[in-house]
Amino acid sequence: MHSLVEERLQKILAKAGLASRRGAEQLIREGRIQVNGQVVTNMGCKAHPLRDIITFDGKQISFEHRVYILLNKPAGYVTTLSDPQGRPVVTDLVADIPLRLFPVGRLDIETEGALLMTNDGALTNSILHPRFEVKKTYEALVSGSPSSSALRHLSQGIEIDGIRTRPAKIRVLNKTHTQTLIEIVIHEGKKRQVRKMFQAVHHKVLHLKRVAYGKLTLGTLASGKYRILTETDIKKIFS
């Protein structure tokens, strides 16, 4: 149900799934959003999604059904909506859903595993916002055998690109003479963060997979497949 209360335009655009709140502000700044035929560039502008005609580049925005999916991303796919180099994109894997879905955050092309996709910009903002501290669990296969002091370093926070990482949870899952499988739980999403963390303690990540957001796990979901999430699933992300 939509109330009759007007909301800030960037919030409406995020809810419509057009972009994240920050992305919506950029579109407004660029003069690409019109309300009732008038270009709006003021961030404080308010509107109502059902009463006002809101257009993006001249096309009316529809306030469509919200969809949330969990995809098991295979290696070799880029986490963008299109790729100038012609590499496979994650949206190819959900092409049978007739809505414009976008990925929540990113996974490197060589990283596999849990990737949320939705057309709900507001939920995307909540998951990515540091205030909500959504935990992301990874399994990293690293070269060699990191010492307990190296792992303690990583769990307490380590400096990467001049910024100190927040504390992480680290657990050794398996070990051979040449490799170690480590579970790492973080609630930040800096670019290539897990790889850079292990690189900082001189252990290369050989294989990386995200296995959970909060308590929402991949489970038995096959690589390249997705499942549509329920309200209960969404709550697990934040637990």
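Two strands are taken to pair when DSSP finds at least two bridges between them. In this predicted model, that criterion is satisfied by strand 7 and strand 17 (residues 226-228), which run antiparallel and are joined by three bridges. Within this pairing, I69 has I228 of strand 17 as its bridge partner. Strand 7 also has strand 9 (residues 112-118) as an antiparallel neighbour, and six bridges join these two. There, K73 lies opposite G113 of strand 9.

The surroundings of strand 7 follow from the accessibility of its residues. Because six of the six residues in strand 7 (residues 68-73) are buried, the strand is largely enclosed by the rest of the structure. Burial extends to both faces: Y68, L70 and N72 are buried on one side, and I69, L71 and K73 are buried on the other.

L70 leads from the strand to the nonpolar interior. In soluble globular proteins, nonpolar side chains tend to be buried together. The largest nonpolar core here has 44 residues, of which L70, L116, F198 and Y213 touch the most other members. Leaving aside residues up to four places away in sequence, Y213 is in contact with L70, V104, A114, L115, L116, I127, V134, K135, K136, K236 and I237. Another core lies apart from the largest one; it comprises 16 residues, including I12, A19, A47 and I54.

Helix 4 (residues 148-156) offers a further view of burial, its buried residues being A150, L151 and L154. Seen down the helix axis, these residues fall within an arc of 95°, and therefore they line one face of helix 4. The elements against which the buried residues of helix 4 pack are strand 13 (169-175), strand 14 (179-186) and helix 5. Just after helix 4, G157 adopts a positive phi of about 115°.

Charged side chains complete the description. Side chains of opposite charge can pair when their charged atoms come close. Across the whole structure, a search finds 11 salt bridges. One of them is formed by the side chains of D161 and K196, with an N to O distance of 2.8 Å. This pair links distant parts of the chain, 35 residues apart: D161 belongs to the loop between strand 11 (159-160) and strand 12 (163-164), while K196 belongs to helix 5 (residues 193-200). The two partners fall into separate accessibility classes. D161 counts as exposed because its relative accessibility is 60%, and exposure requires a value over 50%. K196, with a relative accessible area of 26%, is partly exposed.

A second salt bridge joins D233 to R227, whose closest N and O atoms are 3.1 Å apart. Here D233 has a relative accessible area of 7% and is therefore buried, the limit for burial being under 20%. R227, at 29% relative accessibility, counts as partly exposed. Elsewhere, salt bridges with shared partners join D108, E110, R192 and R195 into one network. A further salt bridge brings together the side chains of K11 and E7, at 3.7 Å from N to O. K11 counts as partly exposed, because its relative accessibility is 33%.

How values were computed. Residues numbered from 1 in each chain as written. Predicted model: local features only at pLDDT ≥ 70, side-chain atom pairs only at ≥ 80, totals over all residues. Heavy atoms only, no water. Core = buried A, V, L, I, M, F, W, Y, C linked by side-chain atoms within 4.5 Å. Buried < 20%, exposed > 50% of the residue type's maximum accessible area, 1.4 Å probe, protein only. Contact = heavy atoms within 4.5 Å. Helix = DSSP H or I, 4+ residues; strand = E, 2+ residues; numbered from the N terminus. Salt bridge = Lys/Arg side-chain N within 4 Å of Asp/Glu carboxyl O. Arc of directions from axis to C-beta.
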